[in-house]
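Visitor: I would like a close look at a single part of this protein, with its surroundings explained afterwards. Please keep it plain.

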Amino acid sequence: MKEMKHDSSTKAWNLMGDEWFELAQTGEARNSFIMPNMLKFMGNVKGKRILDLGCGEGGYSRELTKRGASLVSVDCSKKAIEYAVKLSKEENLQIEHYVRNSNDLFDIDSEQFDIVLCSMMLMDCEDFDGTLKEAVRVLKPGGRLFASVLHPCFDGNHDTGIGRQGMGVDREVVVKNYFEPKEWEAPLWSGTIPVIWRHRTMEDYVKAFIRAGLTIVDLNEPRATDEQAGKSVMMAWLQKIPLYLYWELKK
């Protein structure tokens, strides 16, 4: 059997295990803001065939399956896929799972998906162009790619790139260097295991989408609702600063 291609991204995320699974399932921003917004932007998925690229512990795949979609889930972490398989079986959900680098989706046929979902993963890929090329390959003509990323204008390396000043809901974004650093290592929020972080500018994203032959259909910088803002100071800050950027792209 062909072996998955490894690079710095796959090596970093394969070091993550139980810590990531817990962070993904309990993270306030992910569960109260990032995921609900993506599901809203995707709309009615009943009857759609969807590739969840960079699926992690499989939360999106399980929810989309419950909403009537047919899911194929891919992640570079073998342990993450094993965990996702376990949870899908516990809920009696039929989901296909593969361990793959996002830039080489071997054994996954071309032009078979209505939607490719890339939730909070494009900024982490070492081979960004290769990932987009594969996403386009497996999309049907006219298919959609839905992606969320950390907003490049408001988040980055907090020490030397795009930092923070002040405390609480009134803290400010301080742009020390929008262009650098492009790459650094640090744990995830509340985590202990370092991963590789990558900063891509708005120009980087748009030009890569154009090179891949994608057309931008929509762009969203969601703002926290009053209900979401009431959950915590961090969530309230999302009524002022868009930390997450959502793309809808068409093949």
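Which residues does Tyr244 touch, not counting residues up to four places away in sequence?

Guide: The model is a predicted one. In it, Tyr244 touches Ala29, Phe33 and Ile34. Further along the chain, Tyr244 also touches Met120, Val149, Leu150 and His151. The remaining partners are Asn220, Glu221, Pro222 and Leu238. Residues up to four places away in sequence are left out of this list.

Tyr244 also belongs to the largest nonpolar core, which holds 71 residues. Together with Leu64 and Leu145, Tyr244 touches the most other members of that core. Helix H3, residues 28–42, gives the most to this core, with seven residues.

The setting of this core is a protein chain with nine helices and eleven strands. Of its 251 residues, 53% count as buried. Among contacts in the chain with a separation of 6 or more, 68% are between residues 24 or more positions apart. The radius of gyration is 17 Å, which agrees with the value near 18 Å that a compact globule of 251 residues would have. Along its principal axes, the C-alpha trace spans about 50 × 35 × 35 Å.

Helix H6, residues 128–138, is another part to examine. Eight of its eleven residues are buried, so H6 is largely enclosed by the rest of the structure. The buried residues are Phe128, Gly130, Thr131, Leu132, Glu134, Ala135, Val136 and Val138. They pack against strand S1 (49–53), strand S4 (113–119), strand S5 (139–150) and helix H7 (202–211).

A charged residue gives a further case. Arg198 is found in strand S9, residues 194–198. With a relative accessible area of 10%, Arg198 counts as buried, because the cut-off for that term is under 20%. Leaving aside neighbours within four places in sequence, Arg198 is in contact with Ser8 and Ser9, with Met123, Asp124, Cys125 and Glu126, and with Lys182, Glu183 and Trp184. Trp184 lies 14 residues from Arg198 along the chain, and their C-alpha atoms are separated by 6.7 Å.

As for the outside, the accessible surface of the protein chain comes to about 11900 Å². Carbon and sulfur atoms account for 50% of that surface. The chain has 33 positive and 38 negative charges, and the mean positions of the two sets are 4 Å apart.

Notes: Residues are numbered from 1 along each chain as its sequence is written. This is a predicted model: local features need pLDDT of at least 70, side-chain atom pairs count only at pLDDT 80 or more; totals for chains, interfaces and linings use all residues. Side-chain values use heavy atoms; hydrogens and water are left out. A nonpolar core is a set of buried Ala, Val, Leu, Ile, Met, Phe, Trp, Tyr and Cys residues joined through side-chain atoms within 4.5 Å. Buried means under 20% relative accessible area, exposed over 50%, partly exposed in between (1.4 Å probe, protein chains only). Helices (H or I, at least four residues) and strands (E, at least two) are DSSP runs, numbered from the N terminus. Contact means heavy atoms within 4.5 Å. The radius of gyration is taken over C-alpha atoms; the globule rule is 2.2 Å times the number of residues to the power 0.38. Accessible areas come from the Shrake-Rupley method with a 1.4 Å probe; for residues, only the protein chains shown count as cover. Lys and Arg count as positive and Asp and Glu as negative; His and the chain ends are not counted. The place of a charge is taken as NZ of Lys, CZ of Arg, CG of Asp or CD of Glu.
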